[in-house]
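Biologist: I should like a close look at a single part of this protein, namely its aromatic pairs. Please explain them in terms that a first-year student can follow.

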Amino acid sequence: MATTARPRPTGPPGYSETLPRAEESAQTARSLARAAVATWGIDRLTTVAELVMSELVTNAVVHAWGPSLRVMVDRLADDTVYLAVVDRAPRRTPELRTAGPNDVTGRGLLLVDDIAARWGHDLLGPHMRPWGKRVWAELRAAP
């Protein structure tokens, strides 16, 4: 169910792609983030953009439901990149957890919180009956 990533024809540059809600999609999403920041000439954000995108996709794969998710990469300003993942689990909102020393998972959002300038989530659809959510992070390149 994947589509080809294309830049928007008008407005601020941005890329999006629909991917299967599967572990393998994290790699495709990382590639999309890497290609976007390279296209925009802000290669210094490559590693953090790949890491944050991977964490957002992994959370959607593990905690959401449905066959697909949507990944987005936008350039909000010369030094700011917006990464987002849309899934169909509006009631399963992201929350920071403290993982124990022997826990294998549970540190992804802590990494995002540490790396991103800002992050959060938005419910999508009617207020009383949202159909999904968008989990997003903004990255800023140091001057």
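Modeller: Tyrosine 82 and tryptophan 136 are both buried. In this predicted model, tyrosine 82 and tryptophan 136 form a stacked aromatic pair, with 6.2 Å from centre to centre and 20° between the planes. The pair counts as stacked because its planes are under 30 degrees apart. Tyrosine 82 belongs to strand β4 (residues 80–87) and tryptophan 136 to strand β6 (residues 132–140). The two residues are 54 residues apart, and their pair links distant parts of the chain.

A search of the whole structure finds two aromatic pairs. Besides the pair just described, tyrosine 15 and tryptophan 40 form a tilted one, at 5.8 Å centre to centre and with 45° between the planes. Tyrosine 15 is part of strand β2 (residues 14–20), whereas tryptophan 40 sits in the loop between α1 (25–39) and α2, so this pair ties together parts that are 25 residues apart in sequence. Tyrosine 15 has a relative accessibility of 15% and therefore counts as buried. Tryptophan 40, with a relative accessible area of 9%, is buried as well.

The loop that holds tryptophan 40 leads to α2, and this helix (residues 46–63) has a packing partner of its own. The axes of α2 and helix α3 (residues 108–115) come within 9 Å and cross at roughly 145°. The crossing is left-handed. Among the residues making the contact are Leu51 and Leu56 of α2 and Leu111 and Ile115 of α3. By class, the contact of α2 with α3 comprises eight nonpolar, two polar and one charged residues.

Technical notes
Residues numbered from 1 in each chain as written. Predicted model: local features only at pLDDT ≥ 70, side-chain atom pairs only at ≥ 80, totals over all residues. Heavy atoms only, no water. Axes fitted to C-alpha atoms, helices over the stretch in contact; angles between N-to-C directions. Helix = DSSP H or I, 4+ residues; strand = E, 2+ residues; numbered from the N terminus. Left-handed = near helix turned anticlockwise from the far one by under 90°. Contact = heavy atoms within 4.5 Å. Nonpolar A, V, L, I, M, F, W, Y, C, P; charged D, E, K, R; others polar. Phe/Tyr/Trp six-rings, centres within 6.5 Å; stacked < 30°, edge-to-face > 60°. Buried < 20%, exposed > 50% of the residue type's maximum accessible area, 1.4 Å probe, protein only.
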